[in-house]
Amino acid sequence: MRLENKVAIVTGGASGLGEATAKLFASEGAKVIVADVLEDEGRAIEAEISEMGGEGTFMRLDVTAESQWEDVVATAVSRFGKLDVLVNNAGISGSDPDMTNTGLWDRLMEINAKGVFLGVKHAVPEMKRAGSGAIVNISSISGMVGQGYVHMGYSASKGAVRLLTKSAAVQHAGDGIRVNSVHPGVMDPMRTSKITATSEVRDQMLASVPLGREGTRLEVANAVLFLASDEASYITGAELMVDGGFTAN
Ligand code: NAD
């Protein structure tokens, strides 16, 4: 198993890509903390992991709340003994009809960018103590190229994730901690997506995907798994597109 004896936190683990990642990690032997603001959904994933024969636990975490990060990391260590992997996946969409909403800019930066910073900040001390760790930050194609249908704040937040990943990789390589970003392309819409969830806009987006189809959650989760595992032991500061060639165009 590719994550045997590893302890992992997956933020936004109660739905979508985070859920797929948490389940895949559990099936690969990790003890997984599913961290999310969605309590009912998170508890349901916890139960599904247990039914699969895996080990997982839900914890409520709002990634913008520093004290909650302290609790989640402390619980990982008290319950499972250590923290090996953090997947900073939680996020909200910038697909909104009001493309110049200032409040949305603030929320996007707070959750998508600062939430990732806080995760790195609070995971690093435990990983440092252990002498190793892997952090995978979920950015987007929107962190690489401009897009017509998303708020500028989404692109700015995902661009921030891309570069804070590289800074963290450089700053913590000496601590044995690897930090990489994954950039999903056109996928099932997020819970918070509005205009990009319409079939008209999806068709336009799909026309820019050389592989000609949406990506699946498992395809993204597999990329996250690779970067989180020891198979990626010489990879840090990298950005991995899982976008069917969207950004190669
Ligand atoms: P989703 O909406 O299904 O899942 C996002 C999860 O994050 C939800 O469970 C939500 O409750 C959680 N979340 C939101 N705010 C939070 C907060 N403050 N604290 C804790 N948890 C919070 O969307 P998804 O498609 O699974 O997206 C996962 C990640 O992938 C996001 O970072 C998103 O930006 C990125 N992404 C998604 C797509 C796509 O098309 N779906 C494409 C590129 C990148």
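Colleague: What makes the pair between the backbone of Leu-17 and the ligand a polar contact?

Modeller: A polar contact is a pair of N or O atoms within 3.5 Å (within protein, one must be able to donate a hydrogen and the other to accept it, and residues adjacent in sequence count only if both atoms are side-chain atoms). Here a backbone N or O atom of Leu-17 lies 2.8 Å from an oxygen atom of the ligand, so the pair qualifies. Mind you, this is a predicted model: local features need pLDDT of at least 70 and side-chain atom pairs 80 or more, while totals for chains, interfaces and linings use all residues. Residues count from 1 along each chain as its sequence is written, and side-chain values use heavy atoms, without hydrogens and water.

Colleague: Which atoms of Asp-36 and Val-63 meet the ligand?

Modeller: Asp-36 brings a polar side-chain atom, 2.6 Å from a ligand oxygen. Val-63 uses a polar backbone atom, 2.9 Å from a ligand nitrogen. Leu-17 and Asp-36 are also among the nearest of the 25 residues around the ligand, where "around" means a heavy atom within 4 Å.

Colleague: Why is strand β5 called largely enclosed?

Modeller: Six of its six residues, 133-138, are buried, so the rest of the structure largely encloses it. Buried means under 20% relative accessible area, against over 50% for exposed and in between for partly exposed (1.4 Å probe, protein chains only). Gly-133, Ile-135 and Asn-137 cover one side, and Ala-134, Val-136 and Ile-138 the other.

Colleague: How do you know that β4 and β5 pair?

Modeller: Pairing takes at least two DSSP bridges, and β4 (85-88) has four to β5, running parallel. Strands here are DSSP runs (E, at least two residues), and helices are H or I runs of at least four, numbered from the N terminus. Asn-88 stands opposite Asn-137 in β5. Between the two strands the chain crosses through α4 (102-130), and this crossover is right-handed: with the strands pointing away from the viewer, the path over the helix runs clockwise.

Colleague: What makes a group of residues a nonpolar core?

Modeller: They must be buried Ala, Val, Leu, Ile, Met, Phe, Trp, Tyr or Cys, joined through side-chain atoms within 4.5 Å. The largest one has 30 residues, and Phe-25, Val-32, Val-182 and Val-224 touch the most other members. Helix α7 gives the largest share, seven residues. Apart from this core lies another, of 27 residues, including Val-120 and Val-179.
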